[in-house]
Structures are given as C-alpha cells and as structure tokens.
Amino acid sequence: MAANKYLLNDRAMRQFITNGYIQIRADFPPSLHRDIYQQIETLLAKEGNPGNNILPRIPALRKIFSHPAIHGALQSILGPGYIMHPHRYCHLNPPGGTGQTWHKDDYIFDQNVRHHRCRWVMAFYYPQDVREDMGPTGILPGTQFHNEISSDDPAQSAEKALPLCGEAGTVNIVNFDSWHRATANTSDEKRYMLKFQFLRMQEPHEPSWNQENPTWRPLEDDRNPRLSRAVWNWLSGQAGRGAQPISGNGSSAQLAAALCSPEEQPRLEAAYALSDLGEKVVPTLIESLRRESALRSEQNLDQTPANVQGGNPADLSGAHALAAVGAPAVPELIEISRDSSAWVRASAADILGNIGPPARSAATALAQSLQDENIWVRRNAAEALGCLGSEAAAAVPALRGALRDPSQWVRLNAALSLAKIGPPAATAVAALLRTLEEDENRYTRFFATLALQKTATPAAQNALQEALFTSRWCPATTAETPY
C-alpha cells in the first residue's frame, strides 16, 4: 500500500495489537467541539437520548470520523472499505456518577466468537476536555484477548486500569473485545462520550498501515507475544507464515493437554505455541478441539461480564490455534463440519471463516452448513462465508435462502456476508429487497441495504434508492418543528 502520512506506523500498530487501544485527536478548531457539545446538551434536554439517531440529529459528528487522522487510523486497523456500524450512542456520565463494573460489549444483539483477529473496533469521541476526575472511559490494557479477569468489580480487580483522558476532539480507538467501563465522575462537570463502532469488510492481503519492517517486534510488557505476532502477521497479509517458534514451547502433547486447562492464560499460550508447529500438528489440534468442545462449548453459552448476553460455543482455544495454522487445517476442518457433535460442527464453521480466503475450498461445505438443524452451526456458517469474500460466490444461493431463516442471528450474518461478497451476490437482490422491507431487525435491514449497495447492479441501485427515499428520516423534523 502506498505511504500515507495519516496511516499508522509500525510502533502505533504494535501498541494497538498489544494493548488494545490507540488515541487520535481530530484537531478541528475548538469551536466545532464546543458546538457539538452544546447540540448534545440541547438535544438531550428537549428530546432525551436519540440512541442510534445521534448521527443524523448532529450531522457535524460525520466530520469527526471523516478527519484524515481518524480515517487513517481506522483504515490502518480495519483495512480499506471499512464501514461505520449503525449502532452508536451518546453516553452521559453526570457529576456524582459512580461508574460501571468491568465488562465487554456484545456484538449488537449477536453472539460472535471473540476472534483474536480484529474485525471490529469501538471509537470513543470526547466533545470536551476530559480529566480523570470527570469519569472517563477506563480500559484494562492487554486484556482484550482474555474472557476472564480477576474480578469485574473495580475495587477487587488486580489488573492495571487506564483512564482514557484527553482534550476535546480525542478519539480513543479500542479493540472491540477490550474490558472497559465508565469510571466514577467526582467532578462537578458532565462528561459526554459518543461511542461509534466500525467493521472490517475485507480480509487483509497486505499491510494497511505504513509498515517499514514486516518482522514482529514485541513490546516489553506483552503478556501474549505469540498471539500478538500471529495477529500482526494476519494484518500484514501473511497469516500462517513460517515464523520460528518462540522458545519454551514444550512438547506437542503437553501443549495439547494445556488447551483444556481450567486457566485461560495457559490455554492461550498453548494455542499459539501449537500453531507455530504448522501442518504437522493439525491432527492433534482436531482431537484436542473435540475434547475441549465437550468440556467448554455449553459453558460458553453462560452470561458473564465478558458476554452479557451469553457467548458462542465455538470460542475455544483450539479453534484459535487452528485458525492461526490456516490453510493446512482446511481439509480436516471440512471433514469435521459433518461431525455428529453440533458443537464440533459449529466450531468447524467458525474456524473456516476465521481462516478467511485461504479456506476458499470450504465454501460448499459452509453453504451446506446453512441447512444444519443446529442454530449455532447455521449462525457461524453464515458469518464465515462473508470472511471468504468473493471466494464464496458459489454460496450466494444458500445465503439468499438464509435471509429467511427463523433466527435473526442467521439472517443478520447472511445479509452482512452478502455485502462482503459484493458484486457476485447480484442474484440476491430480490431477496435483499424483501429483507429490507420485511425483516423486524434494524441491523439486518442495514446490512441488507449495504449488500444492495455493494452488489452495484442497476437493479440493486434502483431498489436501494427507492427504499431510502421512502424511509428517509429528516433530522430537522421535531415535535417543535413537525413540518
């Protein structure tokens, strides 16, 4: 990718990968941030919190996320063509606010595996200067890959917390899986934070930042150096490349046993130590996946601070290891996509999607999984096909059918996958338009709209324009000025 002064450099990307956040400032004149702050004050006082409609009610917010430095950072992390998710919210932390407990956000009424490969981020914008006593958003740096911490109670947790303070115009770009919370506001001032979310739309095939050195250089305080290196390689378009194993791996049998450890840190270390061994360890990983699935898949459905609506059964250490191995694991993953265990089938579907385009040969098997009797298999297959991108063109008829699935998770992911597939999904236009008109879920309708845009056929464009004109929402129309 050609150099761009607004893209991140290697040091900034290492910081984001390791600690899960980076701070950027939209250096507009202070008057713009003051104006946004005042508009928020007026809007919330007169109408209450508009939720997702905060953006059309305050259009100046578009300028913040179009700022070259913010756009450059988002592109560096999520690649070209990333999109803004339609869910956004204005968070008020009033004077005397006691703050929140530590938690992770859910994937907007979906239950994704928390992949270590970053495809979602949150962006926290401050329209005013935020000091520590004003109750900024706090994070636990370096814990974004962990579904377990010492305690969700801030008074009891042992991890080092970081308050994300900053001047007006600061945008904190945070790994979607970061542990975070609103901290206590002990000042006499209101603290506003506007949370937006952004999604990757295509898998990386080259670095999307200003990379000068392709070799991973770990930070001194990195808790998971193998994992960080694997993420760096994936973001560089070099997933699964033959890196030398880091010392202290242990035998493959010992590492496989550690994948079923009751403690999370040994499982993470074992997963990426095993992935260093490449193709030869795939049979071991497959067998370990079966054992781990029997132990933990059902448990993963529990509601926890890391998954407030419940998690995905395929969020397994062995699954992360197989995804890191990549293409050599695909044949055996296709084989177990027909396993007698629904948990194993759901894991196979998810891993194949996490591998991405190198799993192109799995498109037919994933399309067949959309007919599975188990909701988790169908849901994970629907998401996985989008990660294959245009390589999943042959699965478009199956995804088209999945738009009528009884589960909103399946419908939502089918629509998003059709958007990621793009022009080869042109035969789904009629089904997408029906989804846009009939589906009860606002986010499924958004992804159907996005898919119509991405297919780029005249029929899709005409249908999209007609639907958007019909549903146009006027930000100037209020109870005070109805027409």
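A residue is called buried here when its relative accessible area is under 20%, and that cut-off serves throughout this tour of a predicted model.

Begin by selecting helix H18, residues 442–455, which has 14 residues and reaches 20 Å from its first C-alpha to its last, close to the 20 Å expected at 1.5 Å a residue. Within this helix, colour the buried residues, which are Tyr443, Thr444, Phe447, Ala448, Thr449, Leu450, Ala451, Leu452 and Thr455. If you then display what surrounds them, you will find that the buried residues of H18 pack against two strands, E2 (83–84) and E9 (191–199), and against helices H16 (408–421), H17 (429–438) and H19 (458–471).

Look next at the two ends of H18. At its start, a side-chain oxygen of Asn441 comes to within 2.8 Å of the backbone nitrogen of Tyr443, while the helix is followed by Ala456, whose phi is positive, near 65°.

From there, move to the nonpolar interior by selecting Ile77 and Ile173, the residues with the most contacts inside the largest nonpolar core, which has 137 residues. Helix H16 gives the most to this core, contributing eight residues. With Ile77 centred, and leaving out residues up to four places away in sequence, show its contacts, including Leu8, Met13, Phe16, Ile22, Val121, Ile173 and Leu235; the polar or charged side of the list can be added by selecting Arg200 and Ser208, which Ile77 also touches. Apart from this core lies another, of five residues, among them Trp102, Leu140, Trp179 and Ala306.

Now turn to two acidic residues. Select Asp105, in the loop between strand E3 (89–93) and strand E4 (120–125). Is Asp105 buried or exposed? Its relative accessible area is 10%, which is under 20%, so Asp105 counts as buried. The side chain of Asp105 is joined to that of Lys195 by a polar contact of 2.6 Å, and, beyond residues up to four places away in sequence, Asp105 also touches Arg114, Met122, Phe176, His180 and Gln197.

For the last stop, select Glu383, which is found in helix H14 (residues 375–387). Glu383 has a relative accessible area of 13% and is therefore buried, since this value too falls under 20%. Which side chain shares a polar contact of 3.3 Å with that of Glu383? The partner is Asn112, and, once neighbours within four places in sequence are set aside, the residues in contact with Glu383 are Asn112, His115, Asp350, Asn413 and Ser417.

How values were computed:
Residues are numbered from 1 along each chain as its sequence is written. This is a predicted model: local features need pLDDT of at least 70, side-chain atom pairs count only at pLDDT 80 or more; totals for chains, interfaces and linings use all residues. Side-chain values use heavy atoms; hydrogens and water are left out. Helices (H or I, at least four residues) and strands (E, at least two) are DSSP runs, numbered from the N terminus. Buried means under 20% relative accessible area, exposed over 50%, partly exposed in between (1.4 Å probe, protein chains only). A polar contact is a pair of N or O atoms within 3.5 Å; within protein, one must be able to donate a hydrogen and the other to accept it, and residues adjacent in sequence count only if both atoms are side-chain atoms. Contact means heavy atoms within 4.5 Å. The expected span of a helix is 1.5 Å times one less than its number of residues. A nonpolar core is a set of buried Ala, Val, Leu, Ile, Met, Phe, Trp, Tyr and Cys residues joined through side-chain atoms within 4.5 Å.
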